[in-house]
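Q: Got a minute to walk through this one with me? I'd like to start with the fold and then look at the DNA.

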Protein chains: 2
Amino acid sequence: MNSVSIHNAHPANDVTATLAEHNISPTSQRLQIANVLLNEPMHLSADQLLEKLRHAGEKVSKATVYNTLKLFVERGLIRQINLDPERTVYDSRRATHHHFHEVDTGTLWDIDPDDVAFSRLPQLPDGMEIAGVEVIIRVARKVQ
Amino acid sequence: MNSVSIHNAHPANDVTATLAEHNISPTSQRLQIANVLLNEPMHLSADQLLEKLRHAGEKVSKATVYNTLKLFVERGLIRQINLDPERTVYDSRRATHHHFHEVDTGTLWDIDPDDVAFSRLPQLPDGMEIAGVEVIIRVARKVQ
DNA sequence: CTCCCTGCAAATGCTTTGCAACTAA
DNA sequence: TTAGTTGCAAAGCATTTGCAGGGAG
């Protein structure tokens, strides 16, 4: 598959290949970040990601985390979600999907795209085409 | 400024009443801001709003605009929409409705709630109830 | 050697806050 | 008088950028 000899606990080959598919050269930091994000679908802020990496003993700077996330978003590797101004979150599930958003805590859950279907959608503005449809279901803890 | 009762071209009484309904005392600045936002449904950032007010010859400070918008949101008078971190937008249509979002320019259009209907929605997480459903249709200019 | 990447620190830009002056009742 | 508001300037914070040092080939 590849001639690079990276041997860590994670299926790094997949990640390296994924980076390559998106024209991203696989530096050590990028692999670390991609491993965290891509191994399981998750929503993380830049700071949460940094903390997770540091916790795992990785050596990454804040600037590199930001720059790398920005690069990944530009290259379509991850999605950027903006719930509120102090909370930019990155979503490693590339396929379009939807979200539950718990209003009080800001927690996000994924909604499988198959669990949402429309029986009616509006006409598009002239000369425009759909780039994506996103549904956010805001939920709150039920008061008894 | 002036102790004169308010007599402008707009239906200020409605606005005053609306503020009252939301437990907001009708100061001069709040009336100015509410007039801009409530007279017609619109999406504005804090800065756009400030510029609009200044253009209209109103005397409002930036801090007051921010504080007032925050107050209005807390009191449920307007909604806050977060497109991306440097672009918090305020929406004066209180009823739930949906949006077209032009990706390139960040422009928003309203979608009438009647123009969207679901034939399937996911099961809610345990103990949660729906606080609102929001659909964002991202659109891009068609390339010929 | 050369190119690209990293990381520190400084810069940026939106938003909030401290606080003194002010206003309406 | 008194409670609530305003506005300036300063502070806060997430994110970006400048630039020197570093690593891979």
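What follows is a short chat about this predicted model.

Q: What are the helix and strand counts for chain A?
A: Chain A has four helices and seven strands.

Q: And in which pattern along the sequence?
A: Chain A reads α-α-β-α-α-β-β-β-β-β-β.

Q: How much of chain A counts as buried?
A: Of its 144 residues, 42% count as buried.

Q: What about contacts between residues at least 24 apart in chain A?
A: They make up 44% of the chain A contacts between residues at least 6 apart in sequence.

Q: Now the sheet with six strands. What's the order?
A: The order is β5(A)-β4(A)-β7(A)-β7(B)-β4(B)-β5(B). The sheet is open, and the pairing is mixed.

Q: Which strands sit at the edges?
A: β5 (108-111) of chain A and β5 (108-111) of chain B. Each pairs on one side only.

Q: How are neighbouring strands turned?
A: By 25° against each other on average, ignoring direction.

Q: How do strand β7 of chain A and strand β7 of chain B run, and how many bridges join them?
A: They run antiparallel, with 13 bridges between them. Both strands span residues 128-141.

Q: Which residue is the bridge partner of Glu134(A) in β7(B)?
A: Ile136(B) is the partner there.

Q: Where does Glu129(B) lie?
A: Glu129(B) is part of strand β7 of chain B.

Q: Why does Glu129(B) count as partly exposed?
A: Because its relative accessible area is 34%, and the partly exposed class runs between 20% and 50%.

Q: What is Glu129(B) in contact with, beyond four places in sequence?
A: In chain A, Glu129(B) contacts Arg138(A), Val139(A), Ala140(A), Arg141(A), Lys142(A) and Val143(A). In chain B, Leu124(B) is on the list.

Q: And how far is Glu129(B) from Val60(B)?
A: The two are 40 Å apart, C-alpha to C-alpha, and 69 residues apart in sequence.

Q: On to the DNA. Which residues are closest to strand D?
A: Tyr66(A), Ser25(B), Thr27(B), Ser61(B) and Thr64(B). In total, 14 residues surround DNA strand D.

Q: What share of the strand D atoms within 4 Å of the protein is sugar and phosphate?
A: Sugar and phosphate account for 84% of those atoms.

Q: Which side chains have a polar atom by a phosphate oxygen of strand D?
A: Thr27(B) is one of them, at 2.7 Å. Thr64(B) has a side-chain N or O atom 2.9 Å from a phosphate oxygen. For Lys70(A), the distance is 3.4 Å.

Q: Which element gives the largest share of the surface near strand D?
A: α4(A), with four residues. At least two residues each come from α4 (62-74) of chain A, and from α2 (28-39) and α4 (62-74) of chain B.

Q: How do the residues of that surface near strand D divide?
A: Four are nonpolar, seven polar and three charged.

Q: Now strand C. Which residues come nearest?
A: Of the 14 around DNA strand C, the nearest are Thr27(A), Gln29(A), Ser61(A), Thr64(A) and Tyr66(B).

Q: What does Gln29(A) sit by?
A: A side-chain N or O atom of Gln29(A) is 3.1 Å from a sugar or linking oxygen of DNA strand C.

Q: And what about phosphate oxygens of strand C?
A: Ser25(A) has a polar side-chain atom 3.2 Å from one. Thr88(B) also has a polar side-chain atom 3.2 Å from a phosphate oxygen.

Q: Which element gives the most to the surface near strand C?
A: α4(B), with four residues.

Terms used
Residues are numbered from 1 along each chain as its sequence is written. Chains are lettered from A and ligands numbered from 1 in the order in which they are written. This is a predicted model: local features need pLDDT of at least 70, side-chain atom pairs count only at pLDDT 80 or more; totals for chains, interfaces and linings use all residues. Side-chain values use heavy atoms; hydrogens and water are left out. A residue is near a molecule or strand if one of its heavy atoms lies within 4 Å of it. A polar contact is a pair of N or O atoms within 3.5 Å; within protein, one must be able to donate a hydrogen and the other to accept it, and residues adjacent in sequence count only if both atoms are side-chain atoms. Ala, Val, Leu, Ile, Met, Phe, Trp, Tyr, Cys and Pro count as nonpolar, Asp, Glu, Lys and Arg as charged, and the others, Gly among them, as polar. Two strands pair if DSSP finds at least two bridges between them. Axes are lines fitted to C-alpha atoms, for helices over the stretch in contact, and angles run from 0 to 180 degrees between N-to-C directions. Buried means under 20% relative accessible area, exposed over 50%, partly exposed in between (1.4 Å probe, protein chains only). Contact means heavy atoms within 4.5 Å.
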